[in-house]
Amino acid sequence: MPEVVQAGGWGWVAGCALLMGAACGYALRVPQKVIALVMAFGAGVLLSAVSFELIGEAYEQGGLGPAAVGTLAGAAAYTLGNLWLARRGARHRKRSGHHKDQAQPSEAQHGGSGLALALGALLDGVPESAVIGVSLLQGGAVSLVTVAAVFISNVPEGLSSSAGMKEAGRSKGYVFGVWGAIAAASALSAVLGYTVVGGLSTAVVAAVTAVAAGAILAMIADTMIPEAFQEAHLAIGLVTVSGFLVSFALSHT
C-alpha cells in the first residue's frame, strides 16, 4: 500500500476516536469524574509521545536549535489561535457543560460561536494528525505510539466537547457534522504532513515536527489538564503519570 494512503488511513483512524467520543458524550450521561480521569490519562500519553517521539526525534534530526525554536513557535501559534477563538465563543470548547459558568455558549448567547467551536476543534486536531504523516518519513513505518496517543486523547475530547455542545442546544447534525469533518481533516492533515514535509530538508522536517509538538503541549496545558483537574483534582497526577508510563513503555518495545 502506498505510504501516502497509509498516512491518510492512520490519520482517519485517530480522527475517528473523536466520533466515538462524540457518540458517547451525546447519547450517554458519562460521569464527569470518569471523563476527567480519561482525559488525564490521555494527557499523560500525549506528553510522553511528544517528549520521546516528537521533540526527541526533532532534536536527533536537527539539533537543539530547530527543536527549541520549532517547539516555541508551535506553542505560540496555538496560544494566539486559542486566544482569538476564545473571544469568539470557543473558550470552553472541551467543557461538558457541567459547570454553568464554564458552559459552551449557544448561538443566541454568542453569535458565531458555532463556527468558533468548529475551528477550535480543528486547531486542536490538526497538529496531532500532521505528525502521524510525518512519522511515516522515519523508516517508512508509522509511529504506532503517536497514533495510539492521539487516539486515546481524542476519545475524552470528543466525549466532553459533544456533551457541552448538546447542553448548549446544538443539534445532532451540528455535533456529528463537526466531528465528522474533523475526522476527515485529520486524514487530510496526515497526508499533507507526509507529502509536504517529505520533500523538505532534515532540519526543516525537525523544525516542523517540533512546531507540532509545541502546539500539542500548549493544547494539553490550556485545555486538557484544566478540565481534568477541575473534576478529578489530586487524582489526576497519578492517572497522568500512568498514561505517560504506558506510552513510554510502548515507545520502547
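This note goes through a surface patch, one residue of helix 7 and a pocket in a predicted model.

1. On the surface, Phe-52, Val-241, Leu-245 and Phe-248 make a nonpolar patch of about 340 Å². The element that gives the most to this nonpolar patch is helix 8, which spans residues 235-251 and supplies 3 residues.

2. Val-241, one of the residues that make the patch, is found in helix 8. Its relative accessibility is 45%, so Val-241 counts as partly exposed, given that this class lies between the 20% limit for buried and the 50% limit for exposed.

3. Gln-230 belongs to helix 7, which covers residues 202-232, and it counts as partly exposed because its relative accessibility is 25%. Along the chain Gln-230 and Ala-36 are 194 residues apart, yet a separation of 8.0 Å is found between their C-alpha atoms.

4. The second largest pocket holds about 210 Å³ of space. It is lined by 16 residues, of which Val-126, Pro-127, Ala-130, Val-208 and Ala-212 are the closest to its centre. Two or more lining residues come from each of helix 4 (113-135), helix 6 (172-198) and helix 7, and helix 6 gives the most to this lining, with 6 residues.

5. As for the chemical character of that lining, the second largest pocket has 13 nonpolar and 3 polar residues around it, while no charged residues take part. Helix 7 therefore appears twice in this note, as the helix in which Gln-230 lies and as one of the elements that give two or more residues to the pocket lining.

Methods
Residues are numbered from 1 along each chain as its sequence is written. This is a predicted model: local features need pLDDT of at least 70, side-chain atom pairs count only at pLDDT 80 or more; totals for chains, interfaces and linings use all residues. Side-chain values use heavy atoms; hydrogens and water are left out. Patches are made of residues with over 30% relative accessible area and no salt bridge: like charges are joined within 9 Å, nonpolar side chains (Val, Leu, Ile, Met, Phe, Trp, Tyr) within 5 Å. Accessible areas come from the Shrake-Rupley method with a 1.4 Å probe; for residues, only the protein chains shown count as cover. A salt bridge is a side-chain nitrogen of Lys or Arg within 4 Å of a carboxyl oxygen of Asp or Glu. Helices (H or I, at least four residues) and strands (E, at least two) are DSSP runs, numbered from the N terminus. Buried means under 20% relative accessible area, exposed over 50%, partly exposed in between (1.4 Å probe, protein chains only). On a 1 Å grid over the protein atoms alone, a cavity is a set of points where a 1.4 Å probe fits but cannot get out, and a pocket is an open set with protein on both sides within 12 Å along at least five of seven lines; lining residues have an atom within 4 Å of a point. Grid points are joined across faces, edges and corners, and a volume is the space filled by probe spheres set on the points. Ala, Val, Leu, Ile, Met, Phe, Trp, Tyr, Cys and Pro count as nonpolar, Asp, Glu, Lys and Arg as charged, and the others, Gly among them, as polar.
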